Amino acid sequence: MKHPHPEPTADAASRTVSRVVPEPTALKALAHPVRLRMLGMLRIDGPATATQLAARLGLNSGATSYHLRQLAQYGFIEEAPHASRRDRWWRASHELTSVPPREAEGEGLDLDLAFNQAALSLQVGQMQQALEEYAELPAEWRKATAADDIIIPMTADQAEALTKRLTDVILEAMRAAPPLGEAASLDPGMVPFYVMLHAFPYPGRVPHREGEDEP
């Protein structure tokens with residue numbers, strides 16, 4: 001759903017992947033597990049109504065409508081044209097949410113932490129569900145599934161370069177693929193493939209910044 005680095009320039013054979021870099025106020029509105037799930041559903045499955053999303057999320061339509069209005073207010077979603085005039089349909093405005101790392105301290109960093117916490121909660125839930133479904137997957141999809149963790153001694157500059165290279169590879173694959181929501185109509189063998197990139201210094205190994213107390 002998000003990536004930490006600017007998107008590299010697409011070549012002539014690639015499509016453009018639309019993305020949003022939220023301002024602090026918008027990021028605060030998005031840092032909510034339900035809104036993140038709703039935005040993900042609209043990106044993956046295409047336009048939907050508040051009633052449809054409420055049924056999928058196990059919420060009442062009033063709560064769902066409120067979250068949709070918040071997402072629309074900050075430009076994450078927009079109304080979608082639809083033949084039905086009875087219900088309001090919504091669609092995602094972008095394919096990716098990008099949150100570049102902040103160097104400054106203060107409220108902006110706190111907002112980043114709140115957003116990352118909400119995103120992590122959602123991702124852990126998706127990973128758990130994927131594990132529960134793993135035994136029922138066809139063999140070819142079990143072979144495509146990975147749950148690896150690798151620890152490499154690195155400097156901060158080397159680590160930043162590595163995560164940027166990995167992100168670039170993932171974005172290259174996304175630009176070469178059809179947009180989410182359209183893939184199944186083009187190739188019945190295509191499904192949304194979830195790639196998560198978590199990269200961080202091993203907990204407890206980086207000294208605290210000056211002025212901070214040791215645990």
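Student: Where does Ile151 sit in this predicted model?

Tutor: Ile151 is in the loop that links helix H6 (139–144) and H7.

Student: What makes Ile151 count as exposed?

Tutor: Exposed means over 50% relative accessible area. Ile151 comes out at 62%, so exposed is the label it gets.

Student: And how far is Ile151 from Tyr202, in sequence and in space?

Tutor: Along the chain, Ile151 and Tyr202 are 51 residues apart, and their C-alpha atoms are 7.9 Å apart.

Student: Moving into H7, why is Glu160 called partly exposed?

Tutor: Glu160 belongs to helix H7 (residues 156–176). Partly exposed covers what lies between the buried limit of 20% and the exposed limit of 50%. At 48% relative accessibility, Glu160 therefore lands in that class. As for distance, Glu160 and Phe200 are 40 residues apart in sequence, with 9.7 Å from C-alpha to C-alpha.

Student: What about Ser18, what makes that one partly exposed?

Tutor: The class between 20% and 50% applies again. Ser18 has a relative accessible area of 28%, so it counts as partly exposed. You'll find Ser18 in the loop between strand S1 (2–3) and strand S2 (19–20).

Student: What does Ser18 touch, beyond residues up to four places away in sequence?

Tutor: Ser93, His94, Glu95 and Leu96. For Ser18 and Ser93, 75 residues apart along the chain, the C-alpha separation is 8.2 Å.

Student: How do you know that Thr49 is buried?

Tutor: Buried is under 20% relative accessible area. Thr49 has 5%, so it qualifies as buried. This residue is part of strand S3 (residues 48–49). With neighbours within four places set aside, Thr49 has contacts to Asp87, Arg88 and Trp89.

Student: What share of the protein chain counts as buried?

Tutor: Of its 215 residues, 27%.

Student: On to helix packing. Why are H3 and H4 called roughly perpendicular?

Tutor: Helix H3 (residues 50–57) and helix H4 (residues 61–73) meet at about 115 degrees, and their axes are 8 Å apart. The roughly perpendicular class runs from 65 to 115 degrees, so H3 is roughly perpendicular to H4. Their crossing is right-handed.

Student: Which residues make that contact between H3 and H4?

Tutor: H3 brings Ala50, Leu53 and Ala54, while H4 brings Ser61, Thr64, Ser65 and Leu68. Sorted by class, the H3 contact with H4 has four nonpolar, three polar and no charged residues.

Student: And what makes H2 and H3 roughly perpendicular?

Tutor: Their axes come within 11 Å, crossing at roughly 115 degrees. Set that against the class of 65 to 115 degrees, and H2 and H3 are therefore roughly perpendicular to each other. The crossing of H2 and H3 is right-handed. On the H2 side you have Val34, Arg37, Met38, Met41, Leu42 and Asp45, which meet Leu53, Arg56 and Leu57 of H3. By class, that gives six nonpolar, no polar and three charged residues in the contact of H2 with H3.

Student: At what angle do H2 and H5 cross, and what class does that give?

Tutor: Helix H2 (residues 33–45) and helix H5 (residues 107–133) cross at roughly 60 degrees, and their axes come within 9 Å. Angles under 35 degrees are roughly parallel and the perpendicular class begins at 65, so roughly 60 degrees counts as oblique. The handedness of the H2 and H5 crossing is right-handed. Pro33, Leu36 and Arg37 of H2 make the contact with Phe115, Ala118, Ala119 and Leu122 of H5. In class terms, the contact of H2 with H5 holds six nonpolar, no polar and one charged residues.

Student: Which residues touch the most other members of the largest nonpolar core?

Tutor: Leu30, Leu36, Leu42, Leu53, Leu68, Phe76 and Ile77, out of 25 residues in that core. Helix H1 (24–30), H2, H3, H4, strand S5 (89–92) and H5 each supply at least two residues of it. Take Leu30: apart from neighbours within four places in sequence, its contacts are Arg35, Leu36, Leu39, Leu71, Phe76, Thr97 and Phe115.

Student: Finally, how many helices and strands does the protein chain have?

Tutor: Eight helices and six strands. Starting at the N terminus, the order is β-β-α-α-β-α-α-β-β-β-α-α-α-α. Among the chain's contacts with a separation of 6 or more, 68% are between residues 24 or more positions apart.

Terms used: Residues are numbered from 1 along each chain as its sequence is written. This is a predicted model: local features need pLDDT of at least 70, side-chain atom pairs count only at pLDDT 80 or more; totals for chains, interfaces and linings use all residues. Side-chain values use heavy atoms; hydrogens and water are left out. Axes are lines fitted to C-alpha atoms, for helices over the stretch in contact, and angles run from 0 to 180 degrees between N-to-C directions. Helices (H or I, at least four residues) and strands (E, at least two) are DSSP runs, numbered from the N terminus. Angles under 35 degrees count as roughly parallel, over 145 as roughly antiparallel, 65 to 115 as roughly perpendicular and the rest as oblique. A crossing is left-handed if the near helix is turned anticlockwise from the far one by less than a right angle, and right-handed if clockwise. Contact means heavy atoms within 4.5 Å. Ala, Val, Leu, Ile, Met, Phe, Trp, Tyr, Cys and Pro count as nonpolar, Asp, Glu, Lys and Arg as charged, and the others, Gly among them, as polar. A nonpolar core is a set of buried Ala, Val, Leu, Ile, Met, Phe, Trp, Tyr and Cys residues joined through side-chain atoms within 4.5 Å. Buried means under 20% relative accessible area, exposed over 50%, partly exposed in between (1.4 Å probe, protein chains only).
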